[in-house]
Amino acid sequence: MRAFESENLILSQLADPELLDLERILEPLLLPRDFELVHLGTPVSHYYFLENGIASMVATSPEGRKAEIGVLGRDGMSPPALTMHREQFSFDVMMQVGGHGRRVEAGALECFLADRPAVRRLLSRFLHTFFVQVANTALSNAVHKIDVRLAKWILMCHDRLEGEEIEITHEYMATMLGVRRSSVTDALHILEGQHLIYSTRGVVIIRNRASLEAFAADAYNVPGISGRDWPQTRRRPLVMYN
């Protein structure tokens, strides 16, 4: 019997002995919206394995303007780095949609990985995939219209959540996409007009996933962005929280 069943794609791929050893240093916890996983300019103290919910890695300009540069969830580890030597982290990583998961202290993870090259390779593959996501997002920001970028972003959120609802405000979406709030409102109206989503105050509901993917087209259907080929995992809620 496995130590526990995890919806997180990294934890779900660990061999039983590795998972059992890692469980001893993992702390289950709730991760509410706006919870900071790491703050710009501070060292990484913990790494998080999300089971549900969405974390955003956000870049901030010298003038204080913010934009999301990466989306993280059950597909990997947050923050997306292995900075075990107390370097200052260059971005904010925070929960944009609340969820739950497990965390491990950075030093404890470093000790765990010291003699487990297979696990380190697994984490390295995730970090590479995340880098591909960031690169493709930069390309999409340059070549796609806002309605297509928003469709892609909604699909990426949906890949990391249970159910069809995404609890997110227009203002938050505008910050994540680095555009004006009015631009997000216009893009939502386009997606609603094609019956792809339904948007109400603070909630976006996906009505037709397949058509939304077709609308997003090559903005979504690329490596590092699409979650359609992720392995299936067993859903089992956490039962212990602090």
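1. Helices (H or I, at least four residues) and strands (E, at least two) are DSSP runs, numbered from the N terminus. On that numbering, H195 is found in the loop between α6 and β7, and its phi is near 60°, which is a positive value in a residue other than glycine.

2. The model is predicted, so local features need pLDDT of at least 70 and side-chain atom pairs count only at pLDDT 80 or more, while totals for chains, interfaces and linings use all residues. Residues are numbered from 1 along each chain as its sequence is written, and side-chain values use heavy atoms, with hydrogens and water left out.

3. Two further backbone details deserve a look in the loops. D34, placed in the loop between β1 (27–31) and β2 (36–38), has a positive phi of about 75° although it is not a glycine; at 46% relative accessibility, D34 counts as partly exposed (buried is under 20% relative accessible area, exposed over 50%, partly exposed in between, with a 1.4 Å probe and protein chains only). In the loop between β4 and β5 lies P79, and the peptide bond that leads from S78 to P79 is cis, with omega near -5°.

4. Strand β3 (residues 46–60) has pairing partners in both β4 and β5, where two strands pair if DSSP finds at least two bridges between them. With strand β4 (residues 66–72) the pairing is antiparallel over 6 bridges, and among the bridge partners A55 is matched with L72 and V58 with E68. With β5 the sense is again antiparallel, over 11 bridges, and here N52 stands opposite H100. Because 12 of the 15 residues of β3 are buried, this strand is largely enclosed by the rest of the structure.

5. The link from β3 to β4 is a hairpin with 5 residues between the two strands, and G64 in its turn has a positive phi of about 95°. A residue of β4 can also be related to a helix that comes later in the chain: M176, found in helix α5, and A67 are 109 residues apart in sequence but 5.1 Å apart in space, C-alpha to C-alpha. M176 counts as buried, at 4% relative accessibility.

6. An open sheet of 3 strands runs in the order β6-β8-β7, with antiparallel pairing. The edges are taken by β6 (165–167) and β7 (197–200), each of which has a single partner strand, so one side of each is left without a neighbour in the sheet. Between β7 and strand β8 (residues 203–206) there are 4 bridges in the antiparallel sense, and T200 stands opposite V203.

7. Strand β8 also holds V204, which counts as buried at 1% relative accessibility. V204 lies 8.4 Å from I154, C-alpha to C-alpha, although the two are 50 residues apart in sequence.

8. I154 appears again in the largest nonpolar core, which has 35 residues, and it is one of those that touch the most other members, together with L150, W153, L191 and L212. (Such a core is a set of buried Ala, Val, Leu, Ile, Met, Phe, Trp, Tyr and Cys residues joined through side-chain atoms within 4.5 Å.) The elements that give two or more residues to this core are β3, β5 (92–105), α4 (146–159), α5 (170–177), α6 (181–193), β8 and α7 (209–216), and the largest share, 8 residues, comes from α4.

9. The count of cavities of 30 Å³ or more comes to 1, and the largest cavity has a volume of about 30 Å³. On a 1 Å grid over the protein atoms alone, a cavity is a set of points where a 1.4 Å probe fits but cannot get out, a pocket is an open set with protein on both sides within 12 Å along at least five of seven lines, and lining residues have an atom within 4 Å of a point. The largest cavity is lined by I10, L11, L14, L22, F49, L109, L113, V119 and L123, and the elements that give two or more residues to its lining are α2 (106–113) and α3 (117–143).

10. The largest pocket is lined by 22 residues, of which L9, D75, T129, G224 and W230 lie nearest its centre. Its volume is about 530 Å³, a volume being the space filled by probe spheres set on the grid points, which are joined across faces, edges and corners.
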